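Work through the exercises below with the sequence and the structure at hand. Try each task before reading its solution.

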Amino acid sequence: MLLAANVSGILFLLLVRNVSVESVSVTAAVGDTVVLPCQINSNPEDVYWRYSDVRNVCNIIKGKADFNGQDPAFKDRVNIFPLEIKNGNFSIRLDKVSKSDEGPYICSAPSISLRENLELKVTATAEKVCVYAVINDSAVLPCEFKQNSQMVFWPYRDRRTVCDVINGAVDFDEQDPAYRDRV
Ligand SMILES: *[C@@H]1O[C@H](CO)[C@@H](O)[C@H](O)[C@H]1NC(C)=O
Ligand SMILES: *[C@@H]1O[C@H](CO)[C@@H](O)[C@H](O)[C@H]1NC(C)=O
């Protein structure tokens, strides 16, 4: 449980950081809601959001979202920020991000020949790390948290305890015999 909470905390920080620096690359985790930024310093009538050049994400026509011709993959997942349009903010919000949303997006305003490119990167909800070891060798299973935790549990397949780390000391009370004298 602690592990899951901490891992999603790290991913949330990643998401916030990438959006707020207004880089052309935006990172989100599977299941997240993400803002795809598009700031235009003039007031075009129509703005078109496309994925992979051709697939219609949404149109913003005279300040209103228009979902005519929208690709079914984005149905009910895209919102604009109507109150922000007058400030030239044509960003959209994409809900329930999935791995297949990853890729290049374009925000374009043909009337003023403007075309903004951005890349959405989608990470897994919990990062998996792969460690290779040779039989009879020692292996290090890495685990690092950004903040301190008084209790850390190491279950194998969610049930067999490898060890626990309580207040900075290793605790073998619940250890599965398969791991005795090996951790
Ligand atoms: C555009 O509006 C969204 C939603 O309010 C906001 O998150 C984003 O920071 C705004 N972008 C700019 C450049 O102000
Ligand atoms: C691992 O060590 C055991 C005990 O020393 C030995 O019997 C076995 O052959 C070793 N296995 C391999 C693959 O080296």
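The exercises that follow concern a predicted model.

**Exercise 1. The chain as a whole**

Find how many helices and strands the chain has, and in what pattern they follow one another.

Solution. Step 1: count the elements. There is 1 helix, and there are 12 strands. Step 2: read along the sequence. The pattern is α-β-β-β-β-β-β-β-β-β-β-β-β. Step 3: look at burial and contacts. Of the 183 residues in the chain, 13% are buried. Among contacts between residues at least 6 apart in sequence, 45% join residues at least 24 apart.

**Exercise 2. The sheet of 6 strands**

State the strand order of the open sheet with 6 strands, and name its edge strands.

Solution. Step 1: write down the order, which is S1-S9-S8-S3-S4-S5, with mixed pairing. Step 2: look for strands that pair on one side only. These edge strands are S1 and S5, the latter covering residues 64-66. Step 3: consider the twist, which averages 25° from one strand to the next. Step 4: take one pair from the sheet. S3 and S4 are antiparallel and share 6 bridges. Within this pair, Tyr-51 lies opposite Arg-55 of S4.

**Exercise 3. Two loop residues with positive phi**

Determine whether Ser-52 and Lys-62 are buried or exposed.

Solution. Step 1: locate the residues. Ser-52 sits in the loop between S3 and S4, while Lys-62 sits in the loop between S4 and S5. Step 2: check the backbone. Ser-52 has a positive phi near 55° although the residue is not glycine. Lys-62 is likewise not glycine, and its phi is positive, near 50°. Step 3: apply the cut-off, by which a residue with 12 or fewer other C-beta atoms within 10 Å is exposed. Ser-52 has 11 such neighbours and is therefore exposed. Lys-62 has 8 other C-beta atoms within 10 Å, so Lys-62 is exposed too.

**Exercise 4. The sheet of 3 strands**

Trace the open sheet of 3 strands from one edge to the other.

Solution. Step 1: the order is S10-S11-S12, and the pairing is antiparallel. Step 2: the edge strands, each pairing on one side only, are S10 (151-156) and S12 (169-171). Step 3: neighbouring strands of this sheet are turned by 20° against each other on average, direction ignored. Step 4: go from S10 to S11, which spans residues 160-166; 6 bridges join these two strands. Val-152 faces Val-165 of S11, and Trp-154 has Cys-163 in S11 as its bridge partner. The two strands form a hairpin with 3 residues between them, and Arg-157 in the turn has a positive phi of about 50°. Step 5: go from S11 to S12, which are joined by 3 bridges. Here Asp-164 has Asp-171 in S12 as its bridge partner. The hairpin of S11 and S12 has 2 residues between the strands, and Asn-167 has a positive phi near 50°.

**Exercise 5. The largest nonpolar core**

Find how many residues the largest nonpolar core has and which of them have the most contacts inside it.

Solution. Step 1: the core has 20 residues. Step 2: the residues with the most contacts inside it are Val-34, Leu-36, Trp-49, Cys-58, Ile-92, Tyr-105 and Cys-107. Step 3: assign the core to strands. S1, S2, S3, S4, S7 and S8 each supply at least two of its residues. Step 4: follow one member. Leaving out residues up to four places away in sequence, Cys-107 touches Cys-38, Val-47, Trp-49, Phe-90 and Glu-116. Step 5: relate this to a general tendency. In soluble globular proteins, nonpolar side chains tend to be buried together.

**Exercise 6. The shell around ligand 1**

Which residues are around ligand 1, and how do they divide into nonpolar, polar and charged?

Solution. Step 1: list the shell, which consists of Val-35, Pro-37, Gln-39, Phe-81, Glu-84, Asn-89 and Ser-91. Step 2: sort the residues. The shell has 3 nonpolar, 3 polar and 1 charged.

**Exercise 7. Val-131**

Which residues does Val-131 touch, not counting residues up to four places away in sequence?

Solution. Step 1: place Val-131 in the loop between S9 (114-123) and S10. Step 2: with that exclusion, Val-131 touches Ala-139 and Leu-141. Step 3: take the second contact. Val-131 and Leu-141 are 10 residues apart along the chain, and their C-alpha atoms are separated by 7.0 Å. Step 4: check exposure. Val-131 has 8 other C-beta atoms within 10 Å, so Val-131 is exposed.

Definitions and conventions
Residues numbered from 1 in each chain as written. Chains lettered and ligands numbered in written order. Predicted model: local features only at pLDDT ≥ 70, side-chain atom pairs only at ≥ 80, totals over all residues. Pairing = 2+ DSSP bridges. Helix = DSSP H or I, 4+ residues; strand = E, 2+ residues; numbered from the N terminus. Axes fitted to C-alpha atoms, helices over the stretch in contact; angles between N-to-C directions. Core = buried A, V, L, I, M, F, W, Y, C linked by C-beta atoms within 7 Å. Contact = placed C-beta atoms within 7 Å. Near = placed C-beta within 6 Å. Nonpolar A, V, L, I, M, F, W, Y, C, P; charged D, E, K, R; others polar.
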